[in-house]
Amino acid sequence: MSKGCCFPVNLNRSFKFSRVPSLGSPRSPSLANGGEKKNKNTLVVCFGEMLIDFVPTASGVSLAEAPGFKKAPGGAPANVAVGIARLGGSAAFMGKVGADEFGYMLADILKQNKVDSSGMRFDPNARTALAFVTLRADGEREFMFFRNPSADMLLCDSELDRDLIKKAHIFHYGSISLIEEPCRSAHLAAMEIAKKAGCILSYDPNLRLPLWPSAEAAQKGIMSIWDQADIIKISEEEITFLTGGDDPYDDNVVLKKLFHPNLKLLLVTVGPDGCRYYTKVSYLDFVLLTSTTVMDSSCCLWLTENSVQEFKGKVGGLKVDCVDTTGAGDAFVGGILTKLASDPNLLKDEKQLREALKFANACGALTVTEKGAIPALPTKEAVLKVLPKVAA
């Protein structure tokens, strides 16, 4: 027998019983109400690192052989925030940079892209993080980071803009901010504030092994907050890493090892081939219990949560000439979070979800046609122009 609760109601012939979607646990009221806050807020707050990427002007060479570098703003959470704003959505960035030329430049770039930077902090004693990126001939990357420590690692719990977090409809984050203290504690505190405020929690691990003390530390750190998220986006390479070498193409591996009970949507990006999706939505069933001994037309309404709707599938990508894959996954995340923030019913309607994922795939594809992350993020108009070319 399914679990539930019972409370008295007065009978009224005009009263209608219905199935109500329960998209989240009690700790996530925004999802429990169908993913929609009463104020219909669409703000996405992105928490984590923002840095400068130095991208070689020539592909297929080592860092030492590069004839020069193009300076480009980056950092996965910041990329997502700018991606959302470029698409016409509402986004804010929360993190720390150095009180230096690069840090102020990054803050200006957020403002130029209409991203709320009120949660940004500046450290006078640490520098803004730098990353040198090697581009292989196929556009894939290797990284060399300069952050020992950089300002993003030094964000403290006391520096969090709690009111900004509470205003969010979606709170998005990665795993790099979990590597070192005090930023790890600030990250966990921000997640807790977001949970209590009813935000949808969105997680993109964004594995960067060179930043972790070891592969074991990376796996443990990434998985330490896995079961907190409502939405998770990962790559096939990350599936292999997190599962200890299992086949990333095996749905059973994904569902058994990575799909946790609180998760509502798991997305797997597969490069130019698009993405795979796995989702589960539970429903509250209403059962009316009456008694012949009741004389005052009252009854008992029994609420159960024993019905589950779930679906999985694949949405094709857009074929383009790849120049630099930096930021492609972040553009994808920005695309799907933009759609989800404006239409929470996506998690209940597979057809709508697939259309949103086509949009997200187009965002990722357009980003790889230029060098750098933020400079390459597309506008809504650019995405809509190529959307008919995205494979079903």
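Leu 337 touches Val 44, Val 80, Ile 84, Ile 170, His 172 and Ser 202, leaving out residues up to four places away in sequence. The model shown here is a predicted one. Leu 337 also belongs to the largest nonpolar core, which has 56 residues. Leu 337 is among the residues with the most contacts inside that core, together with Met 50, Phe 93, Met 120, Tyr 277, Ile 336 and Leu 357. Helix H10, residues 350-367, gives the most to this core. Its share is nine residues. Apart from this core lies another, of 50 residues. Leu 43, Ile 222, Leu 242 and Val 268 are among its members.

Turn now to strand S4, residues 51-56. Six of its six residues are buried. The cover extends to both faces of S4. On one side sit Leu 51, Asp 53 and Val 55, and on the other Ile 52, Phe 54 and Pro 56. S4 also has partners. Six bridges join S4 to strand S5, residues 69-74, and these two strands run antiparallel. In this pairing, Ile 52 stands opposite Pro 73 of S5. Three bridges join S4 to strand S8, residues 130-135, and here the strands run parallel. Asp 53 stands opposite Ala 131 of S8.

Next comes a loop. Ser 177 is found between strand S10 (170-173) and helix H5 (183-196). Is Ser 177 buried or exposed? Ser 177 counts as buried, because its relative accessibility is 5% and the cut-off for buried is under 20%. The side chain of Ser 177 makes a polar contact with the side chain of His 187, at 2.6 Å. Leaving aside neighbours within four places in sequence, Ser 177 is in contact with Phe 47, Gly 48 and Glu 49, and also with Cys 183, Arg 184 and His 187.

A second loop holds Thr 243. This residue lies between helix H7 (236-242) and helix H8 (251-257). Thr 243 is buried too, with a relative accessible area of 10%. Its side chain reaches the backbone nitrogen of Asp 246 at 3.3 Å. Beyond its neighbours within four places in sequence, Thr 243 is in contact with Val 253, Lys 257 and Leu 258.

The aromatic rings come last. A pair of aromatic rings is described by the distance of the centres and the angle of the planes. A search of the whole structure finds 10 aromatic pairs. How are the rings of Phe 143 and Phe 145 placed, and why is the pair called stacked? Their centres are 5.5 Å apart and their planes are at 10°, so the pair is stacked. The cut-off for stacked is planes under 30 degrees apart. Phe 143 counts as partly exposed, at 23% relative accessibility. Phe 145 is buried, with a relative accessible area of 17%. The cut-off of 20% falls between these two values.

Elsewhere, Phe 47, Phe 171, Tyr 173, Tyr 203 and Trp 226 form one aromatic cluster. Phe 47 has already appeared as a contact of Ser 177. One more ring has a charge for company. The charged end of Lys 339 sits over the ring of Phe 359, 4.4 Å from its centre.

Methods: Residues are numbered from 1 along each chain as its sequence is written. This is a predicted model: local features need pLDDT of at least 70, side-chain atom pairs count only at pLDDT 80 or more; totals for chains, interfaces and linings use all residues. Side-chain values use heavy atoms; hydrogens and water are left out. A nonpolar core is a set of buried Ala, Val, Leu, Ile, Met, Phe, Trp, Tyr and Cys residues joined through side-chain atoms within 4.5 Å. Buried means under 20% relative accessible area, exposed over 50%, partly exposed in between (1.4 Å probe, protein chains only). Helices (H or I, at least four residues) and strands (E, at least two) are DSSP runs, numbered from the N terminus. Contact means heavy atoms within 4.5 Å. A polar contact is a pair of N or O atoms within 3.5 Å; within protein, one must be able to donate a hydrogen and the other to accept it, and residues adjacent in sequence count only if both atoms are side-chain atoms. Two strands pair if DSSP finds at least two bridges between them. Rings of Phe, Tyr and Trp (its six-membered ring) pair if their centres lie within 6.5 Å; planes under 30 degrees apart count as stacked, over 60 as edge-to-face and the rest as tilted. A charge sits over a ring if NZ of Lys or CZ of Arg is within 6 Å of the ring centre and within 35 degrees of the ring normal.
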